[in-house]
Amino acid sequence: MEQKLNEISLQAGREIITAATQEELRQIQVRYLGKKGEITTILRGMGQLAPEQRPLVGSLANRVRDELSEMIDSRTEELKEVLRRQRMAEQRVDVTLPGRPVNIGYRHPLSIIMEQIAEIFLGLGFTIAEGPEIESDYYNFEALNLPQDHPAREMQDSFYIRPDILLRTHTSPVQVRTMEKTAPQAPVRIIAPGKVYRRDDDATHSPMFHQVEGLVIDRNISLSDLKGTLLLFAQQMFGAKQQVRLRPSFFPFTEPSAEVDMSCVMCGGGGCRVCKDSGWIEILGSGMVHPNVLAMSGYDPEEFTGYAFGMGVERIAMLKYGIDDLRQFFTNDFRMLRQFR
Ligand code: DAH
């Protein structure tokens, strides 16, 4: 019996050491130490041994049982550790790898320019006014001294929603909306940046584009106020050397009206391809607010005068950044847009 126990001990020991999984160990445990296991069977059969053999065999059997179960425990721990390491190796994170680049967005060049324009006028005491992009015929044309069938409506071919509702063709209706709200109080000193729409589409015209409108109304406002303000604007936007000049023009809502040119940003006034050798570049339309417009919006034209202007934001941005095709702003080509962080 002693020899049998020693053999079992040896055999089981070998199996435990070479067991590769916890499952194998469990089976070994059952085979030797389980209810019907070999050691258990021997301990149960003690009654059949000669009385003098019992203590000897008994204690040997107990020792083997304890040794084996200890070996199983420690092998279990070993296997757990192996497993843990394996998992760690599999899930390892290399913290020294370079990160994935995060794409941050950029502001659109037109947003940047609009903000710069606004900054300059805010600095001069203007505030910002807004109006709807879907506008009534009244605000877009009628109240700006452009009655039905006025030939000047043809300059602004429009998108109509109903015969009396359209996408605004300019930011000038915000002038009227502001005056209606403020009259007969003065002064009015606003700019109105925003989107406008016209049925045009070529290298220099887009069906949607941006304008910044300006309006000042008070007592004793004159053309020199307009010119001084726009000179200051041109110099802050394009540099202290800029000059402006007013060229007589026509708009139904101003009298007199003027196109405003500034010295060419490319050649500084000497003459080049961009300014068609004139040394000047047109940047906006302007004039003294027409008495009819003042009266329709609630101001007494005998008491109040005002000036107004409207500039194209795309135009300013093209000059500022040296962009030669207006469509560049709207094709959403990242290679172009990302240059203006
Ligand atoms: N609204 C005109 C346009 O879109 C631009 C303009 C001209 C605005 C003269 C004005 C102005 O306020 O006084 O063509």
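**Notebook: ligand site, pocket, cavity and backbone**

I began with the ligand and looked up its polar partners, where I found that one of its nitrogen atoms is 2.9 Å from an N or O atom in the side chain of histidine 170. I note at the outset that this is a predicted model, and I read every distance below as computed from it. Turning to the oxygen atoms of the ligand, I found one at 2.7 Å from an N or O atom in the side chain of arginine 198, and I also recorded an oxygen atom at 3.3 Å from a polar backbone atom of phenylalanine 309. I then checked how far the ligand is covered, and the protein takes up 92% of the 350 Å² of accessible area that the ligand has on its own.

Next I listed the shell. I counted 16 residues around the ligand, and the closest are His170, Gln175, Arg198, Gln211 and Glu213, so that two of the polar partners, His170 and Arg198, appear again here. Sorting the shell by class gave me four nonpolar, 10 polar and two charged residues. I also asked which strands each supply at least two residues of this shell, and the entries I wrote down are strand 6 (208–218), strand 9 (280–289) and strand 10 (305–312).

I then moved from the ligand to the space that holds it, and found that the ligand takes up the largest pocket, for which I noted a volume of about 1400 Å³. This pocket is lined by 44 residues, of which Thr204, His205, Glu282, Gly312 and Arg315 are the closest to its centre. For the lining I recorded 18 nonpolar, 16 polar and 10 charged residues. As for the elements behind it, strand 6, strand 8 (254–263), strand 9, strand 10 and helix 10 (313–321) each contribute at least two lining residues. The largest share, eight residues, comes from strand 9, which I had already listed among the strands supplying the ligand shell.

I looked for enclosed space as well, and the structure holds one cavity of 30 Å³ or more, with about 30 Å³ of space in it. Its lining consists of Leu146, Ala152, Met155, Gln156, Pro252 and Phe253, which I sorted into five nonpolar residues, one polar and no charged.

Last, I went through the backbone for exceptions, keeping in mind that most peptide bonds are trans and that most residues other than glycine have a negative phi. A cis peptide bond joins alanine 186 and proline 187, with omega at about 0°, and I placed proline 187 in the loop between helix 7 (173–182) and strand 5 (188–197). A cis bond also joins glutamate 255 and proline 256, where omega is about -5°; proline 256 belongs to strand 8, an element that I had noted as contributing to the lining of the largest pocket.

Which residue has a positive phi although it is not a glycine? I found aspartate 149, with phi at about 70°, and I located aspartate 149 in the loop between helix 6 (137–140) and strand 3 (160–162).

How values were computed. Residues numbered from 1 in each chain as written. Predicted model: local features only at pLDDT ≥ 70, side-chain atom pairs only at ≥ 80, totals over all residues. Heavy atoms only, no water. Near = heavy atom within 4 Å. Polar contact = N/O pair within 3.5 Å; in protein donor to acceptor, adjacent residues only side chain to side chain. Areas by Shrake-Rupley, 256 points an atom, 1.4 Å probe, with all protein chains shown as cover. 1 Å grid on protein atoms, 1.4 Å probe; cavity = no way out; pocket = protein on both sides within 12 Å on 5 of 7 lines; lining within 4 Å. Sits in = over half its atoms within 2 Å of the grid points. Helix = DSSP H or I, 4+ residues; strand = E, 2+ residues; numbered from the N terminus. Nonpolar A, V, L, I, M, F, W, Y, C, P; charged D, E, K, R; others polar. Points joined across faces, edges and corners; volume = space filled by probe spheres on them.
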